[in-house]
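Student: I would like a close look at a single part of this structure. Please take one strand and describe its surroundings in one connected answer.

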Amino acid sequence: MEALSLGGLYVERKTPFHELDPRAKIAWALLVLAASVATQFDGLKALPVFASTLAALSLSGLGAGLALLLIVNASAFLAAVTLVWAGAYSSQGVLLLALGPLRLTDVGLKVAFGKFFLIMNPVLAFAALFASTRPYHLMWALEKLGAPPKVALTFTLALNLLPSTVKAVREVTEAQVARGLALDRGSVVQRLRNYVPIIVPMIAKLLSDVWDLSMVLASRYAGYARRTYVFEPRWSARDTVFTVLSLLLYGGVAAWGLAPWW
Amino acid sequence: MGPSSVVVKDLYARYAVSESWVLKGVNLAVGRGSMLVLMGPSGCGKSTLLYAIAGLLPWVVPGEVKGEIVVEGVDVARSGYRGLAGVVGIVYQNPEMQVVTRSVYEELAMAPENLGLPKEEVMRRVEWVVEALDLERYLNRDPQSLSGGEKQLIAIASVLTMRPRVLLLDEPTSMLDHKGARLVLETVEQLKREHGLTIIAAEHRVEWAVEVADRVAVMSDGAIVMEGSPEEVFSRVEDVERYGVRPPGAAEVAYELRRRGFEVRVPVRLREAFEVFGL
């Protein structure tokens, strides 16, 4: 049985990105978010941000392959975003493609990619942050940034419920399929109904796991006092350089995104 | 029995979702440094009693508790579980849910860190428990790669870093294989022998219980129906069986012989059985 661990998304590696102070990485992820918001109407301007998140994934030892996997999995989302925004901007810019009622213009395409990167860039940035930062240090950083200890712990727990949820879905699905549940038969409505025997026990399992975990944390006095941290990261010159470079890059991109004349 | 470490008087307890009382008038006194093993069928109230003694019910687990619980002089009804920090430690059944961090050191340091102890004190306590339970070989391992028994051992060690005077064990071996259970039970024996902890353990392994327990309490339907030394309790084979507890194998054999007309004493431990049966 898999444990509901506080280790969730973290991947143990020794990389330059792992070595950075978690506060520097949190600031970086927030800057990526800000730059993505600022460039959401122009996918071209969001490209440097996208490239930087790929670089961060590589530097964190996860590799750009993970980004590729996320993008492939998000391709349906990209197609939907393109259709929606191409439709919304079909009367602006140069017509690139006309397929029946669909009129794809250069402006529509830029906005579609801008909106796509608005989601993808922060997802990749926070994936790099969480995968390269020990939950222990993430909690420490959140507390240092002013979050109450219980909030820091709850945030870390919630974050790490994601992989636990995926594991729970896989376990329950395998168990139900072994009992004869067919997920690929029937109409769309029938197929949706077939997921009920997965969703119900999955929620029950997660609730049970969370209940057990809350008992353990309570009896270890989580939230009892201001927590001591034996292992505290130390801000170094490398963190300062990284933060300043991030500010320059994302500040520049954000200014570029917001400037109407560029 | 020395001065009492844990005193429970006329305790009634139920969960918020319970229609009736789960514990019905439990009375109990456990001497300082002694070990009590709670036995009884599933659902008889063993875990509920431990949760109430630990102050988790009703402070963490919603419910209602009536009666008196005093642990090392702390009135649990008034202080709740927070007042028992450094007094009581509890270990649960499921080892998978009790090891929650990404390093054994972090795991051991977690409770004293949560208590806000100074960094040096946290490190001292971790070093102490590592030495006391010989955990050096686990320090550099990812806890998730440990076996069930090893995880339970780390869970016990994590609780010990709070330096509790009372250790509550809620069926700590019920989800372990033989090897894992042995590792955990040997550790509990060591804690009793070398560190003088007061231990209350809900445990099904009767042969182990009779070897290490100072007292045994049999629970049935939310009440303690038998209590005494292992000899006093398990020599009453019929009563024990009636309450859903399997007596030790040695006692079962002797009881069967007595039923068939042989005049033999009822031993509860294996070494006594050798004497009784002339082996």
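**Strand E3 of chain B**

Tutor: In this predicted model, strand E3 of chain B covers residues 35-39, and 5 of its 5 residues are buried, so the strand is largely enclosed by the rest of the structure. Buried here means that 20 or more other C-beta atoms lie within 10 Å of the residue's own.

The side chains can be sorted by direction. In a regular strand they alternate between the two faces of the sheet. In E3(B), Met35(B), Val37(B) and Met39(B) point one way, while Leu36(B) and Leu38(B) point the other way. Both sets are buried.

Next come the strands paired with E3(B). Strand E8 of chain B, residues 198-202, runs parallel to E3(B) and is joined to it by 4 bridges. Within that pairing, Ala202(B) of E8(B) stands opposite Leu38(B). Strand E9 of chain B, residues 215-220, also runs parallel to E3(B), and 4 bridges join the two. Here Val37(B) has Val216(B) as its bridge partner.

Chain B also has a side that touches chain A. The contact involves 31 residues of chain B and 27 residues of chain A. On the chain B side, helices H4 (95-98), H5 (104-114) and H6 (119-132) each supply at least two residues. Of the elements there, H5(B) gives the most, with 6 residues. Sorted by class, this side of chain B has 18 nonpolar, 7 polar and 6 charged residues.

Terms used: Residues are numbered from 1 along each chain as its sequence is written. Chains are lettered from A and ligands numbered from 1 in the order in which they are written. This is a predicted model: local features need pLDDT of at least 70, side-chain atom pairs count only at pLDDT 80 or more; totals for chains, interfaces and linings use all residues. Two residues are in contact if their C-beta atoms, placed from the backbone, lie within 7 Å. Ala, Val, Leu, Ile, Met, Phe, Trp, Tyr, Cys and Pro count as nonpolar, Asp, Glu, Lys and Arg as charged, and the others, Gly among them, as polar. A residue is buried if 20 or more other C-beta atoms lie within 10 Å of its own, exposed if 12 or fewer, and partly exposed in between; C-beta atoms are placed from the backbone. Two strands pair if DSSP finds at least two bridges between them.
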